[in-house]
Amino acid sequence: MPEPLVQIAVPAPLHGYFDYRLPAGAPMPAPGARVEIPFGRQRLIGVVRAPVAHTDTPDARLRALHRVLDPDEPCLPAELVALAEWAAAYYHHPPGEVFQTLLPVLLRQGEAAEAQQLQHWRCTAQGQQIPLKQLRRAPRQAALLQRLRAADQALSPSSLPEEGDWRGAFRALVEKGLAEALERPGYGLIEGSGESVAPALNAEQQAACEALLGQAAGFRASLLDGVTGSGKTEVYLAAIGETLAAGRQALVLVPEIGLTPQLLDRFRRRYAVPIAVLHSALNERERLNAWLAAARGEARLIIGTRSAVFTPLAEPGLIVVDEEHDLSFKQQDGFRYSARDLSLVRARKLDIPIILGSATPSLESLANARAGRYQHLRLSRRAGAARPPRFQVLDARGKPLEGGLTPQLMETMRRHLDQDGQVLLFLNRRGFAPVLMCHECGWVAGCPRCDARLTWHRRAGRLRCHHCGHEARLRPHCPDCQSVDLRPIGQGTEQLESVLREHFPEQGVLRIDRDSTRRKGELQRLLEQAHAGEARLLLGTQMLAKGHDLPNITLVGIIDADQGLFGADFRAPERLGQLVVQVAGRSGRAEKPGEVAIQTHHPDHPLLQVLIHHGYERLAEQQLAERRAAGLPPYAHLALLRAEAVDPGPPEDFLEAARRQADALGLPGVQLLGPVPAPMERRAGRYRAQLLLQAFERRDLHRLLGVWVAGLGKLKEARKVRWSMDVDPLEML
Ligand code: ADP
Ligand code: ZN
Ligand code: ZN
């Protein structure tokens, strides 16, 4: 009788699966079960892929696994095992690392797949009684105490979904004797209230819903393409409602900063079901509990960011990807998967519908819709009372600028403020100035570890590299000529903020960027202030561009559109279009009509002209035509082999060797371009180079990758570099 063997996905950066023996008399573990295995001198926790009948591993090297961690029920269901296999093959990434990515950290470490007690919070008798105004100075503590009082049972900390330092507030309340902790079983789910009633849908929304729901069950991909405020979320809510009513679970993926309390609240108020929210503030225990709750069907609605695409579902019924164009769905290091693309694969495997929604769909999704692979559902008008914003281009050429603002923009801002409007200024560059230059000799403060300039952060008195995090104290003299005449060139948000405070001293000014929101909970606090209208002038980076509903904004100013007009990346026009439309979408959400002012030195640039006169759809059409002519995605398929090392030679040597290997394989249909230095060759002290692969047929590309990538690690040149494969790269940096 042949010996029982299993194939294991071993968490190591190695291509391929590994075969193991079963210990004598042990029952065969199911695919998806975790096993402890010897690997070299280590003991690792791997995942069973499948039993196998024979092995190529020589007898002497074949080892037995130590034990099975999930003997009764595999912790990954068969469907996720298949998804992991698919992803490892498609992204040409070591399968063990892919399987790891699917598991919550505690399961990777070998913890039992069981929900454990969670700490819950409640208020003490004293906490019930004290007047809330005693906590006037500590608004977060007051807010928490108010919640604890209102709750009829102890709260799980993870049911406080807003990001923010609730734990700190809780500790402070405990010290004052106002609150206490207790251990209780529970998954930390949010109980939806179901108190809100769906509005009567307008004709377009109804048509979209019918197209989504009116057909037979089964896999169907739909692109819900609707301008900001057109009521896409209401359409998701309707589709999710149907799914829940049919006794199935819905999985909703949102971008990293799209998971706003406002959005969560809409879900929570609409459905009286347990909701699992997978957000970054969960600790590992809470994350595991939520994961298990989804796997066991106790959570009916699961909302999360990128990695939530791998959440196990007991009764899957629907997947929604909101803001499907968003870059945060793509993992940018390690296992570089696209959560949007994988959710399509998963929906197909599960045979359930999937909705991709956006006001500015990616060109990939638009091309799929055009090719008939997705049904294309359009919402062309804003729902409710809001009107579309009016665009104007402000010519910045030859104008005196203050903090980057033209007099015309200042005037427009005044007009809106006088009429009780709220103004949002968008500048995608934090810090005071992106360049600091010596006026005597032209010396520029550069990063010693990157091919990049250091940004001057005036308030902190420091120079910082936004690429590697390098920091230096600002010295009063030029290091080359000793001159004290060091001048900032260009503007960042910190400078814009100080100019605004100077010119509009009577208005509150709020800056929202990564610097101003570093402290936990700060973003939430600032957004609440913005929402409450306490500050009339908001400025910020892309953090401000997404999802937040700020109904009083009547003017959106885009300070520097030129940054996006001349990007080196072929996706720059698409990104600029998305950004402008998304930022513009913040204006005129309620009854007040909105205005969008775009400042530029290239007012006649065709991209801007198309965008403001014909909208994103036309821009996308033109871009698609250009991509087709140039042989670029979505009409061609790319993969990028990257390499980096401390010395400049090895990355290119490795890529040259890799290229020779690929050429020697003699497979047709794939063009290799490079190796070339990366656009930013030196970053964080390492030299970087890349080799681009381009093919018109995905098949051809994958045939080559399939025989080529697994062997790259064996090249002697590979020993001196770190390398990685990026299939469908979104950024060429
Ligand atoms: P999107 O997700 O496309 O940005 P939302 O679903 O958030 O749009 O809708 C924008 C605003 O319009 C929200 O305040 C929403 O409550 C409202 N709204 C959406 N659909 C309707 C409708 N059919 N009737 C009335 N108000 C609606
Ligand atoms: Zn100098
Ligand atoms: Zn740097």
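**Zinc sites, ligand 1 and unusual backbone positions**

C481 counts as partly exposed, because its relative accessibility is 32% and that class covers values that are neither under 20% nor over 50%. The structure is a predicted model, and C481 is one of the residues that hold a zinc ion in it.

That ion is ligand 2. Its protein donors are the SG atoms of C438, C441, C478 and C481, which lie 2.2 to 2.4 Å from the zinc ion. C438 and C481 bring together distant parts of the chain: C438 belongs to strand β18 (residues 435–438), C481 is in the loop between β21 (471–473) and β22 (486–489), and 43 residues separate them. Along the chain the donors follow the pattern C-x2-C-x36-C-x2-C. Which geometry do the four donor atoms around the zinc ion (ligand 2) make? The arrangement is tetrahedral, because the angles they subtend are 102 to 113 degrees, and a tetrahedral site needs all angles between 85 and 135 degrees. For four tetrahedral donors the ideal angle is 109.5 degrees. Is C438 buried or exposed? C438 is buried, because its relative accessible area is 1%, whereas C481, at 32%, is partly exposed.

The residue that follows C481 in number has a backbone feature to note. Q482 is in the loop between β21 and β22, and its phi is near 70 degrees, a positive value in a residue other than glycine. Most residues other than glycine have a negative phi.

A second zinc ion is ligand 3. Its coordination comes from C447, C450, C465 and C468, each through SG, at 2.2 to 2.4 Å. C447 and C465 again link distant parts of the chain: C447 sits in the loop between β18 and β19 (455–457), while C465 sits in the loop between β20 (462–464) and β21, 18 residues apart. In sequence these donor residues are spaced C-x2-C-x14-C-x2-C. The angles at this zinc ion run from 104 to 115 degrees, so the arrangement is tetrahedral. C447 counts as buried because its relative accessibility is 7%. C465 is also buried, with a relative accessible area of 3%.

The next stop is ligand 1. There are 16 residues around ligand 1, and those that come nearest are A200, Q205, K232, T233 and R266. Sorted by class, this shell has five nonpolar, seven polar and four charged residues. Which helix supplies the largest share of the shell around ligand 1? Helix α8 (residues 232–245) does, with three residues. K232 lies in helix α8 and is buried, because its relative accessible area is 9%.

Several polar contacts can be followed around ligand 1. Q205 places a polar side-chain atom 2.8 Å from a nitrogen atom of the ligand. T233 has an N or O side-chain atom 2.6 Å from an oxygen atom of ligand 1. From E234 the approach is by the backbone, with an N or O atom 3.3 Å from an oxygen atom of the ligand. How much of ligand 1 does the protein bury? Taken alone, ligand 1 exposes 550 Å², and the protein buries 73% of that.

K232 also serves as a reference point for distance. K232 and M732 are 500 residues apart in sequence, and their C-alpha atoms are 32 Å apart in space. Another pair is L44 and L65, which are 21 residues apart along the chain, with 9.9 Å between their C-alpha atoms. L44 lies in strand β4 (residues 42–52) and is buried, because its relative accessible area is 15%.

The remaining points concern the backbone. D420 is not a glycine, yet it has a positive phi of about 70 degrees. D420 is found in the loop between α13 (407–418) and β17 (422–426). With a relative accessibility of 53%, D420 counts as exposed, because exposed means over 50%.

Most peptide bonds are trans. Where does P634, one of the two residues joined by a cis bond, lie? P634 is in the loop between α18 (606–630) and β27 (637–645), and the cis peptide bond joins P633 to P634 with omega at about 5 degrees. The bond from G674 to P675 is cis as well, and its omega is near 10 degrees. P675 is placed in strand β28 (residues 670–683).

Technical notes: Residues numbered from 1 in each chain as written. Chains lettered and ligands numbered in written order. Predicted model: local features only at pLDDT ≥ 70, side-chain atom pairs only at ≥ 80, totals over all residues. Heavy atoms only, no water. Donors = N, O, S within 2.8 Å, 3.2 Å for Na, K, Ca; no water. Tetrahedral: all angles 85-135°; square planar, octahedral: opposite > 155°, others 65-115°. Helix = DSSP H or I, 4+ residues; strand = E, 2+ residues; numbered from the N terminus. Buried < 20%, exposed > 50% of the residue type's maximum accessible area, 1.4 Å probe, protein only. Near = heavy atom within 4 Å. Polar contact = N/O pair within 3.5 Å; in protein donor to acceptor, adjacent residues only side chain to side chain. Areas by Shrake-Rupley, 256 points an atom, 1.4 Å probe, with all protein chains shown as cover. Nonpolar A, V, L, I, M, F, W, Y, C, P; charged D, E, K, R; others polar.
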